[in-house]
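Please keep the viewer open and follow the selections in the order given below, beginning with the place where the two chains meet.

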There are 2 protein chains.
Amino acid sequence: MPLELSVGVDIGGTKIHFALVDAQGKLYADEQIPTEAIQGAAAVMERTLQGIERMLGLVDRMKDAVVIKGIGIGSAGQIDFASGSVAYAVDTLPGWTGMRIQARAEERFPDLPIIVDNDVNVMAVAELRCGAAKGLRHFICLALGTGIGGAVVENGRLVRGAFGGAGELGHVSVDFNGPQCSCGNLGCLELYASGSGIARLAKEEAASFNDSRAVMQAWLQGDAQASQLMNIAIAALASGISSLIHTFNPEAVIIGGGVAEAGDAFLSAIRRETQKRTSAAMWKAVELKLAAAGNVAGVKGAALQLWHYPK
Amino acid sequence: MPLELSVGVDIGGTKIHFALVDAQGKLYADEQIPTEAIQGAAAVMERTLQGIERMLGLVDRMKDAVVIKGIGIGSAGQIDFASGSVAYAVDTLPGWTGMRIQARAEERFPDLPIIVDNDVNVMAVAELRCGAAKGLRHFICLALGTGIGGAVVENGRLVRGAFGGAGELGHVSVDFNGPQCSCGNLGCLELYASGSGIARLAKEEAASFNDSRAVMQAWLQGDAQASQLMNIAIAALASGISSLIHTFNPEAVIIGGGVAEAGDAFLSAIRRETQKRTSAAMWKAVELKLAAAGNVAGVKGAALQLWHYPK
């Protein structure tokens, strides 16, 4: 029997990641290219389609051994899952709002099923099928990157909401008198516990760190000023996670993204603070975990959609 | 064809409400008795069963005209929906934790289907079938009473979580440095926007109001001190609602409970403040509404479960 593979594509603000992935989430080939978002949405779309062509070209040479199941795409921004188009994207991808990703890909590859969702929802699919959420029916994913993305699986299904905008967990406010967020609310979690949030805290305290990476590094080495900053970030994050636990009663909260690369020390600190802030019954039912799929979660989950949503 | 009715029961800390209800949510008879929770859980359960017997007695006399579809019960506390027992109840119902409501009712009424859920989930059923959420698939209910209860319907189904504990929306924190809440977290919404929360704010500011009702009354009449308190309560509530909107992308947020009885002025103030705090795309998709089923939502929704969950 030939090997069944899907093309996974992860479109972010700085890079586009392509891979050939099997039903178990194993990567057979992958390639990363810079997004060059500055060249505009049409150019990004074309670079995406060409990357998919290259992936398909790889298996052209071994037609008897491999069958392509379809193309799965995860993209930054709010994605309308039904149409596979971009409902809203921020300035990291200029002009990306309104892009009909799925329709454009279907024009180019009319014979293949194509599924498009946002980058954190596909991360949740990766964690569910072959990562930290294997076997779970209720869990929350938090992607702590430049901003904070979220995805929620309730009773085995992604929570999508009225137009697919659900899961904007970076815009859960942790301080109703806090600093102004671009979303309109004050004190959003993203302003404290994302890469840019930690950098903002450092700037506010006039600390001498260049970015969140430097803060985290110094924190891991026991630096006092970094600890003061990270205590704020961790308290805010723990409070937000506790709110989400009381809202969803999940079996797991899975933390990924660049900030989470600080690893076990970071996870332990969050776990300690979240436990303090969560009712005993809810805490007993939930586990805090680092994302298992790591930095390939996007491309892996994108491809795994083909098996997750049987057509 | 005989009229199909269900017995609805709404068990709260101060009163138990019984009614005969049809599929459209119309009440044919109802009765309220004091809970007398102080007498203990066994006595409360017995008073509940006797009340159901009285309701059934009413239709005994008109057997040809009426057929009883079943018994629906809504109870304060965390309810395990699968077993119909109380996972956790606070001190307003001493000893209620662990009560096997459904099993006890089935012993007494072995021939009738019986469904038990928590009081806010049954409120959501009432709003969905014949109230402010008619025709919606994605909405949030907030019951602003002594505390704050919540229920979320996502894609037509109640969000229950791992053990049925989801929807504790009063324990969404709005200030991660705020006052200590009994749940473990700091600055929970319940500490600002419930009846007891508004009373707490008044006490903190040494204001001369006896309770939240007095604050609301004075606020509606333009009292300056009451306005100052209500501005805090409304900002906290709007921030919490905005967090929930970004989390669930709902079509409606429905506000009920005693505090919401302040009516349209209260709703307008919350609406204004929530709009400021919510992204434009999410705001466009959502409506803020007062609960239509009002103070009979509990007993009505409890009974409507018989039609909502076909057995």
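In this predicted model, begin by selecting the residues through which the chains touch: 40 residues of chain A are in contact with 39 residues of chain B. Colouring the chain A side by secondary structure brings out strand S6 (85–88), helix H7 (224–248) and helix H9 (280–285) of chain A, the elements that each give two or more residues to the side touching chain B. Select H7(A) next, since this is the place to look for the largest share: H7(A) gives the most to that side, with 8 residues. If you then recolour the side of chain A that touches chain B by residue class, you will find 19 nonpolar, 15 polar and 6 charged residues.

Now show both chains whole and superpose them, for chain A can be laid on chain B with an RMSD of 0.0 Å by a turn of 180° and a shift of 0.0 Å along the axis. The two copies are therefore related as by a two-fold rotation axis. To locate that axis from within chain A, select Asp175(A), whose C-alpha is the nearest to the axis in this chain, at 2.1 Å from it. The same surface serves both copies, in that 98% of the contact residues of chain A recur in chain B.

As a last stop, go to helix H2 (residues 101–108) of chain A and pick out Arg104(A), which lies in it. Is Arg104(A) buried, exposed or partly exposed? Arg104(A) counts as partly exposed, because it has 19 C-beta neighbours inside 10 Å. Add Leu49(A) to the selection: although 55 residues separate it from Arg104(A) along the chain, the C-alpha atoms of the two are separated by 8.5 Å.

Methods. Residues numbered from 1 in each chain as written. Chains lettered and ligands numbered in written order. Predicted model: local features only at pLDDT ≥ 70, side-chain atom pairs only at ≥ 80, totals over all residues. Least-squares fit on C-alpha atoms with pLDDT ≥ 70 in both. Contact = placed C-beta atoms within 7 Å. Helix = DSSP H or I, 4+ residues; strand = E, 2+ residues; numbered from the N terminus. Nonpolar A, V, L, I, M, F, W, Y, C, P; charged D, E, K, R; others polar. Buried ≥ 20, exposed ≤ 12 C-beta atoms within 10 Å, placed from the backbone.
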